[in-house]
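Got the model open? Let's walk through it with some quick questions and answers.

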Amino acid sequence: MADLKLSETRDLTRIERIGAHSHIRGLGLDSALEPRAVSEGMVGQTSARKAAGVILQMIKEGRIAGRAVLIAGQPGTGKTAIAMGMAKSLGLETPFAMISASEIFSLEMSKTEALMQSFRKAIGVRIKEETEVIEGEVVEVQIDRPAVAGAALKTGKLTMKTTEMEGVYDLGAKMIESLGKEKVQSGDVIAIDKPSGKVTKLGRSFSRSRDYDAIGPQVRFVQCPDGELQKRKEIVHCVTLHEIDVINSRTQGFLALFTGDTGEIRAEGVLFIDEVHMLDIECFSFLNRALENEMAPIVVVATNRGITTIRGTNYKSPHGIPIDLLDRLLIITTQPYTKDDIGKILDIRCQEEDVEMAEEAKALLTHIGVETSLRYAIHLITAAALACQKRKGKVVENEDITRVYNLFLDVKRSTQYLMEYQEQYMFSEASIGDGDEDGTNAMLS
Ligand SMILES: Nc1ncnc2c1ncn2[C@@H]1O[C@H](COP(=O)(O)OP(=O)(O)O)[C@@H](O)[C@H]1O
Ligand SMILES: [Mg+2]
């Protein structure tokens, strides 16, 4: 029941918004890990997707700790999208923590502490427990009223049955309280966790389905359990180490996690660090050591940098990552998209954003995507749809695309504009592109 409630609230509070990667629903691989051309929102980038699938398989088997993967490639080639695809195909059971490297510099704790915390968010612990439960249909709850009002503690009796047997249990004050809290009455099928005394209402017995008129539609009917009243049951919880830390910081919290004998503990999970070149040398050495821990999650990092300075040093290194760490990484590269792939991704985005676009307009937008960037073209979809709406059209046409193309500049045109008019801006230096081989460093330094 507790679990049931949780999923209900989750459904209620979820707001569906369209984000940059909301069309990605997985990696789009078949059971042999071969990438399908267009599947689960994924297009092209086949070798990177396949490699990511192999990593996923390793994670699912849960035997390997401390592997790290680098996704390297130019901006907008789907690095983050692939990481999202991995997260989606792992499902909710496996923790997937996602951070951008620069986040750790802005928290109110030291950067290594922040990194440690993200590690712990990505380590899931599967706790398998066997506990004794009493499970059956309530025949009667009988509470003895104390002779003098408000005097001694309440006592009572609970009669429960299965299809095969019936049993009577003595109730203490605590049990009476928890039965009251769950509003247990005869005809309910309940489970009582013996060690903790926790009462879970499983539903109402089918035999009582015609008893009352006033039963709401949310009442769930279940079969009266069979077999013994008292059973050993295996339950599995999955919690992250970070959750345990949080619970642990409250009094009595930690013990609540482990009631019976604790069985298997298995670590698993993924930590994704985007824009990893923003980590500095101290963080990189922290990573080196952390990866050697047998509880370490699979770490996936991504960067779009070429050979550049390692933050915190004067040394240069491929991707801005020290060689000793690079050596531990399995490297996946993403390739620039072909015109065909860009067209398909834009098509998927149009569907995702519920925008109807004429074939001709799609071709124009694809052309823009090839000449500028995939991201810019994706952004134009929404804008063009608005332009279309404004002229009371139903389908986005060439004119809408042209209109927003002229309204919003892409990076190339914006830079060109700056070059032409730079004297009129503050702090301008005509050095973009020359001197620094990285180009981006002009803005960073
Ligand atoms: N192979 C792909 N299939 C579908 N959509 C993609 C693919 N690659 C990138 N995209 C989408 O294109 C946009 C840019 O990709 P992104 O993953 O952010 O690039 P990167 O992280 O490499 O800079 C995102 O909206 C992303 O979801
Ligand atoms: Mg990215």
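Q: How many helices and strands are there in the protein chain?
A: Keep in mind that this is a predicted model. The chain has 445 residues, and 30% of them count as buried. Its secondary structure adds up to 15 helices and 17 strands.

Q: Among contacts between residues at least 6 apart in sequence, what share join residues at least 24 apart?
A: Take the contacts in the protein chain whose partners are at least 6 apart in sequence. The share of these joining residues at least 24 apart is 67%.

Q: Which residues are the closest to ligand 1?
A: The ligand is surrounded by 21 residues. Strand 2 (42-43), helix 3 (79-90) and helix 12 (374-390) are the elements that each give two or more residues to that shell. The closest residues are Val43, Gly78, Lys79, Thr80 and Ala81.

Q: How many residues of the shell around ligand 1 are nonpolar, polar and charged?
A: Glycine is counted with the polar residues here. On that basis, the shell around ligand 1 splits into nine nonpolar, ten polar and two charged residues.

Q: Which domains does ligand 1 lie between, and why?
A: Look at which domains give residues to the shell around ligand 1. Two of them do, so the ligand lies between domain 1 (2-123 + 269-333) and domain 3 (339-408).

Q: In what order do the five strands of the open sheet run?
A: The pairing in this sheet is parallel. Strand 4 (96-100) and strand 17 (329-333) pair on one side only, which makes them the edge strands. The twist from one strand to the next averages 20°. Read across, the order is 4-13-14-3-17.

Q: Which residue in strand 14 stands opposite Val270?
A: Strand 13 (residues 270-274) and strand 14 (residues 298-303) run parallel and are joined by four bridges. Opposite Val270, strand 14 places Ile298.

Q: At what angle does helix 3 run to strand 14?
A: Helix 2 (residues 46-61) lies across strand 3 (68-72), strand 13, strand 14 and strand 17, at about 145° to strand 17. Helix 3 lies across strand 3, strand 4, strand 13 and strand 14. Its angle to strand 14 is about 155°.

Q: How many bridges join strand 5 to strand 11?
A: Strand 5 (residues 124-144) and strand 11 (residues 230-240) run antiparallel. One of the bridges puts Glu129 opposite its partner Ile235 in strand 11. The bridges joining these two strands number eleven.

Q: What is the bridge partner of Ile134 in strand 8?
A: Strand 5 also runs antiparallel to strand 8 (residues 188-193), with five bridges joining them. In strand 8, the partner of Ile134 is Ile192.

Q: What is the bridge partner of Val141 in strand 6?
A: Strand 5 pairs with strand 6 (residues 155-161) in the antiparallel sense, over seven bridges. The residue in strand 6 that partners Val141 is Leu158.

Q: Does Glu275 count as buried, partly exposed or exposed?
A: Glu275 is in the loop between strand 13 and helix 8 (281-290). Most residues other than glycine have a negative phi, but phi of Glu275 is near 50°. The residue has 18 C-beta neighbours inside 10 Å, so it counts as partly exposed.

Q: What is the phi of Asp354?
A: Asp354 is in the loop between helix 10 (339-352) and helix 11 (359-371). It counts as exposed because it has 8 C-beta neighbours inside 10 Å. Although Asp354 is not a glycine, its phi is positive, at about 60°.

Q: What distance separates the C-alpha atoms of Asp324 and Phe284?
A: Asp324 is in helix 9 (residues 323-326). With 11 C-beta neighbours inside 10 Å, Asp324 counts as exposed. Asp324 and Phe284 are 40 residues apart along the chain, and their C-alpha atoms are separated by 9.3 Å.

Q: Is Arg305 buried or exposed, and why?
A: Arg305 is in the loop between strand 14 and strand 15 (307-309). Not counting residues up to four places away in sequence, Arg305 touches His277, His319 and Gly320. Val276 is 29 residues from Arg305 in sequence and 9.3 Å from it in space, C-alpha to C-alpha. Arg305 has 20 C-beta neighbours inside 10 Å, so it counts as buried.

Terms used:
Residues numbered from 1 in each chain as written. Chains lettered and ligands numbered in written order. Predicted model: local features only at pLDDT ≥ 70, side-chain atom pairs only at ≥ 80, totals over all residues. Near = placed C-beta within 6 Å. Domains from an automatic or database assignment. Pairing = 2+ DSSP bridges. Axes fitted to C-alpha atoms, helices over the stretch in contact; angles between N-to-C directions. Contact = placed C-beta atoms within 7 Å. Buried ≥ 20, exposed ≤ 12 C-beta atoms within 10 Å, placed from the backbone.
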